[in-house]
Amino acid sequence: MRKQPARSARTVTMWVAAFTLVAGSAVLPAREPAAFSNPISAFFARTEQPLRQYRAFRRMHAADEKGNHEGWMEAWTELKDGRFSYEVVSERGSDMVRGRVLKAVLEREAELVNSGNTDKGELTADNYEFSEAGRDSDGSHVVEIKPKRKDVLLVDGRAVLNDGGELVRVEGRLAKNPSFWTSLVSIVRRYARIGGVRVPVATETTAKVKFVGASQLEMTYDYQSINGRPVAVTEMRTAAHARIAAR
């Protein structure tokens with residue numbers, strides 16, 4: 001019986017290592033793009049309306065495949081004056097998952113944004129090489145994205161664009177495992193353009209964690225305002241459709 005606390009602590013450590021890294025897919029303030037000669041790189045470096053401010057309702061859920069650990073959390077998140085903050089409004093399920101996984105994700109996001117290191121996980125030619133990859137089964141345009149370095153904030157996979165040239169999702173595996181205990185970390189991020197700004201609306205992360213098994217973290221984002229402007233009902237519907245596509 002004395003060994004149980006040690007194993008429990010190890011499980012917590014592995015879960016946190018597996019999932020706090022997804023702050024790399026957080027809602028990040030935009031930076032000014034650089035110019036690139038490669039046409040695909042140039043597409044991802046094109047000038048976008050920058051995200052300077054937002055307020056969004058975040059829904060989060062994490063669980064392991066065996067059902068031993070599961071938790072839910074809802075929180076208001078906000079970016080204002082270059083600072084990220086959050087306020088938890090409801091939570092239920094495992095104390096460990098809520099406190100050491102879900103809240104840890106928000107804390108990691110705050111650390112990433114407030115330290116000014118958001119550029120390390122951005123989809124830019126500084127971090128990735130881009131190449132044509134044809135069409136998806138639904139006709140969407142696919143671009144391969146290859147990280148230029150091993151980093152837990154980067155994804156080795158592909159970006160999917162609709163016929164209008166809008167980024168609709170990024171999917172793949174992390175370029176680097178976060179720890180010895182965690183492997184096969186896969187991420188799918190879904191995007192929508194709201195208020196003229198491209199923002200994530202849903203993120204799904206799965207990981208194989210030693211002694212725990214397959215584990216999953218899901219997040220959805222409902223925006224109340226972007227760059228100081230209230231989000232219109234029609235834009236909420238656009239985001240909702242993008243989230244539904246994730247199911």
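Start by selecting strands β1 (residues 54-64) and β2: they run antiparallel and are joined by ten bridges. Strands here are DSSP runs of E with at least two residues, helices are runs of H or I with at least four, and both are numbered from the N terminus. Two strands pair if DSSP finds at least two bridges between them. This is a predicted model, in which local features need pLDDT of at least 70 and side-chain atom pairs count only at pLDDT 80 or more, while totals for chains, interfaces and linings use all residues. Residues are numbered from 1 along each chain as its sequence is written, and side-chain values use heavy atoms, with hydrogens and water left out.

**First stop: β1, β2 and β3**

Follow the hairpin of β1 and β2 to its turn, where five residues lie between the strands and G67 takes a positive phi near 80 degrees. Back in the paired part, click on H61 and you will find W72 of β2 opposite.

Now colour β2 (residues 70-80) by burial, taking buried as under 20% relative accessible area, exposed as over 50% and partly exposed as in between (1.4 Å probe, protein chains only). Which side chains of β2 point to the buried face? They are G71, M73, A75, T77 and L79, while E70, W72, E74, W76, E78 and K80 point to the other face and are not buried. In a regular strand the side chains alternate between the two faces of the sheet.

Add strand β3 (residues 83-93), which runs antiparallel to β2 and is joined to it by ten bridges. Within β3, E87 is the bridge partner of W76. The β2-β3 hairpin has two residues between its strands, and D81 takes a positive phi near 55 degrees there.

Show the side chains of both tryptophans next. The charged end of R55 sits over the ring of W76, 4.2 Å from its centre, and R92 lies over the face of W72, at 4.1 Å from the ring centre. For this label, NZ of Lys or CZ of Arg must be within 6 Å of the ring centre and within 35 degrees of the ring normal.

**Second stop: aromatic rings**

Select the Phe, Tyr and Trp rings: the structure holds four aromatic pairs. Rings (the six-membered one for Trp) pair if their centres lie within 6.5 Å; planes under 30 degrees apart count as stacked, over 60 as edge-to-face and the rest as tilted. One of the pairs is Y128 with F130, which is tilted, at 6.2 Å centre to centre and 35 degrees between the planes. Both of these residues, Y128 and F130, are buried. Another pair, Y221 with Y223, is stacked, with 6.5 Å between centres and 15 degrees between planes. Y221 and Y223 are buried too, and together with Y54 they form one aromatic cluster.

**Third stop: the loop between β4 and β5**

Zoom to D136, in the loop between β4 and β5. Is D136 buried or exposed? D136 is buried, with a relative accessible area of 17%. Its side chain makes a polar contact of 2.8 Å with the side chain of R169. A polar contact is a pair of N or O atoms within 3.5 Å; within protein, one must be able to donate a hydrogen and the other to accept it, and residues adjacent in sequence count only if both atoms are side-chain atoms.

Stay in the loop between β4 (128-135) and β5 (141-147) and select S140. S140 counts as buried because its relative accessible area is 10%. The side chains of S140 and D138 are joined by a polar contact of 2.8 Å. Beyond its neighbours within four places in sequence, S140 is in contact (heavy atoms within 4.5 Å) with G134, R135, V160 and L161.

**Fourth stop: β5, β6 and β7**

Step into β5 and pick K146, which is partly exposed at 38% relative accessibility. The C-alpha atoms of K146 and D156 are 5.2 Å apart, with their positions ten residues apart in sequence. Setting aside neighbours within four places in sequence, K146 touches N127, Y128, E129 and D156 as contacts.

Next, select strand β6 (residues 155-161), which is joined to β7 by seven bridges in an antiparallel arrangement. V170 in β7 is the bridge partner of A159. Five residues lie between β6 and β7 in their hairpin, and G165 in the turn has a positive phi of about 85 degrees. Six of the eight residues of β7 (167-174) are buried.

**Last stop: G196 and the whole chain**

Go to G196, in the loop between β8 (182-194) and β9 (197-209). The C-alpha atoms of G196 and Q49 are separated by 6.6 Å, although these residues are 147 apart along the chain.

Finally, zoom out to the chain, with its four helices and eleven strands. Of its 247 residues, 46% count as buried.
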